[in-house]
Each structure stands twice: as C-alpha cells, then as structure tokens.
Amino acid sequence: MNSGISDLTVWLVIVVLGIGTFLIRWSFLGALGDRDMPAWVLRMLRYTPVAVLPALVAPLVVWPAATGGQLDPARMAAAAVTVAVGLWTKNMIGAIVAGALTLFTMLYML
C-alpha cells in the first residue's frame, strides 16, 4: 500500500515536531528555571495536575471503548469510589487501589 508520503517526509516531520516540543519545554525549564517566579504563577501551576488528570480520565470513564462508548455502571462505580476514597483519606495510592478493586469486582459481578 503506497500512501504517497515518502520516508524522508515522515522523518522530517518527526524531527521537526521533536525539536518544537523540546523548545517549548526548554522555554519554561531552561530559560526560566533559574529565576524566581511570581507567587501567582506558582499558585496557578499547582492546579495543572488537578486539571489535566481528570481531563484524561473522564472520557475513559464516561465513554469507555470497551463498551462501545456506552455508559458502564462498573466504571462509574469505580470512579465514584476512587473520588470518595481520595477525598476521605487524602491518599492517592489508596484511592487508585480502591478504584481498581471496585472496577475488577464490579466487572466480575456484572
């Protein structure tokens, strides 16, 4: 099957994207890494993981590929248990383990 794109073009795109990604990250770590950041910037950066992680996980819980995009009670229960244990114990590993155990138990029972 010939896609019409040469190997050179593919590798050129990979190299350019790699350099671009490196420069974006370096702009924050290399250029600004040795300077003190304002308190408001540091305060905002604390919320980055809290915003990114749910954005990555929510589609997998609400529209899982394993069920063809249909809502699944096992995954919803696991998500609810994970959030509840995380809020109650403030322990990330405990919340993940509780959510995983709930998911496996619910998948087995249902």
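These legends walk you through several close-up views of one predicted model.

**View 1. A nonpolar patch on the surface.**
Welcome to the outside of the protein, where I24, F28, L29, L32, M37, L42 and L45 come together as a nonpolar patch. Taken together, these residues have about 680 Å² of accessible area. Two helices, α1 (7–29) and α2 (39–45), each supply at least two residues of the patch. Which helix gives the most to it? That is α1, with 3 residues.

**View 2. L29, a patch member in helix α1.**
Here we move in on L29, one of the residues of the nonpolar patch. L29 is found in helix α1. Is L29 buried or exposed? Its relative accessible area is 67%, and exposed means over 50%, so L29 counts as exposed.

**View 3. L32, a patch member in a loop.**
L32 also belongs to the nonpolar patch, but its place is the loop between α1 and α2. With a relative accessibility of 31%, L32 counts as partly exposed, because that class runs between the 20% limit for buried and the 50% limit for exposed. To get a feel for distance, look from L32 to V13: these two are 19 residues apart along the chain, and their C-alpha atoms are separated by 28 Å.

**View 4. The largest pocket.**
Now for an open space in the model: the largest pocket, with a volume of about 920 Å³. Its lining is made up of 23 residues, and the closest to the pocket centre are L53, V57, T82, V83 and I96. Three helices give two or more residues each to this lining, namely α3 (48–62), α4 (73–89) and α5 (92–109).

**View 5. What the pocket lining is made of.**
Staying with the largest pocket, we can ask which element gives the most to its lining. The answer is α3, with 8 residues. How many residues of each class does the lining have? There are 17 nonpolar, 4 polar and 2 charged residues.

**View 6. A65, in the loop between α3 and α4.**
Our last stop is A65, which sits in the loop between α3 and α4. A65 has a relative accessibility of 76%, and since exposed means over 50%, A65 counts as exposed. For a partner to look towards, try L87, 22 residues away along the chain. The C-alpha atoms of A65 and L87 are separated by 28 Å.

Technical notes:
Residues are numbered from 1 along each chain as its sequence is written. This is a predicted model: local features need pLDDT of at least 70, side-chain atom pairs count only at pLDDT 80 or more; totals for chains, interfaces and linings use all residues. Side-chain values use heavy atoms; hydrogens and water are left out. Patches are made of residues with over 30% relative accessible area and no salt bridge: like charges are joined within 9 Å, nonpolar side chains (Val, Leu, Ile, Met, Phe, Trp, Tyr) within 5 Å. Accessible areas come from the Shrake-Rupley method with a 1.4 Å probe; for residues, only the protein chains shown count as cover. A salt bridge is a side-chain nitrogen of Lys or Arg within 4 Å of a carboxyl oxygen of Asp or Glu. Helices (H or I, at least four residues) and strands (E, at least two) are DSSP runs, numbered from the N terminus. Buried means under 20% relative accessible area, exposed over 50%, partly exposed in between (1.4 Å probe, protein chains only). On a 1 Å grid over the protein atoms alone, a cavity is a set of points where a 1.4 Å probe fits but cannot get out, and a pocket is an open set with protein on both sides within 12 Å along at least five of seven lines; lining residues have an atom within 4 Å of a point. Grid points are joined across faces, edges and corners, and a volume is the space filled by probe spheres set on the points. Ala, Val, Leu, Ile, Met, Phe, Trp, Tyr, Cys and Pro count as nonpolar, Asp, Glu, Lys and Arg as charged, and the others, Gly among them, as polar.
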